[in-house]
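Welcome! Here is a short tour of the cysteines and the nonpolar interior of one protein model.

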Amino acid sequence: MSRRADAVIVAAGSGSRSGLDIPKQFFEVAGKPVLAYTIEAFYKCEAIGNIAVVLPRDGFEVARDYILGFWNDARVIYVPGGSQRMESVFNGLCRLGREGNLPIVCIHDGVRPFVTDDVIIGSVDCAEEHSAALTAVAMTDTVKRVKDGIVEETLDRSC
């Protein structure tokens, strides 16, 4: 299989809602930050060429040097993020454009490390066929509609 897409991994957030002392993309699991596992998933996928990893603008050099300890490869490019996710994605896309990009770009959240080859390749296949793709995972949690603290109904997860 040849490289058919590049990737932007967006990891520029502060993680303020996580309740951790550090942004969640840098939280270590088994000796590696979550972001390193996400990069690995895309790096190992044969369909992916260059990977632009977008890091927080504030403290960019420190964050880049830390992640370089796990991923120091010419295919992995580090980019400062923006003040909003949209700007961070744009920064990643612009940097890929300077690197001789492939016709498709996968955009992925840096704190979602469990993406599989099948999902990545399926997204690239769909984008090749339809000029765009959006990957989603079916909901498995039970969802209730609540009004004034009282459960009114259980929502249908099948749609």
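## Cysteines

How many disulfides does the count come to? In this predicted model, the count is zero.

Let's take the cysteines in turn. Cysteine 106 takes part in no disulfide, and the nearest cysteine sulfur, which belongs to cysteine 45, lies 7.8 Å away. Cysteine 106 is also buried, at a relative accessible area of 12%.

Why is cysteine 126 without a bond to cysteine 106? The closest cysteine sulfur to that of cysteine 126 is in cysteine 106, and because the two are 11 Å apart, they are too far for a bond; a disulfide needs the sulfur atoms within 2.5 Å. Cysteine 126 is partly exposed, with a relative accessible area of 30%.

## The largest nonpolar core

Now for the interior. The largest nonpolar core contains 29 residues, and those with the most contacts inside it are Leu35, Ile39, Phe42, Ile48, Val53, Leu55 and Tyr78. At least two residues of this core come from each of the strands β1 (5-10), β4 (48-55), β5 (76-80) and β6 (104-109), and likewise from each of the helices α1 (34-44), α2 (60-68) and α4 (117-130). The most is given by α1, with five residues.

Isoleucine 39 makes a handy place to zoom in. Setting aside neighbours within four places in sequence, isoleucine 39 is in contact with Ile9, Ile51, Val53, Ile67, Trp71, Val76 and Tyr78.

## A second core

There is also a second, separate core, made up of nine residues. Among them are Val8, Ala52, Val54 and Leu96.

Methods. Residues numbered from 1 in each chain as written. Predicted model: local features only at pLDDT ≥ 70, side-chain atom pairs only at ≥ 80, totals over all residues. Heavy atoms only, no water. Core = buried A, V, L, I, M, F, W, Y, C linked by side-chain atoms within 4.5 Å. Buried < 20%, exposed > 50% of the residue type's maximum accessible area, 1.4 Å probe, protein only. Helix = DSSP H or I, 4+ residues; strand = E, 2+ residues; numbered from the N terminus. Contact = heavy atoms within 4.5 Å.
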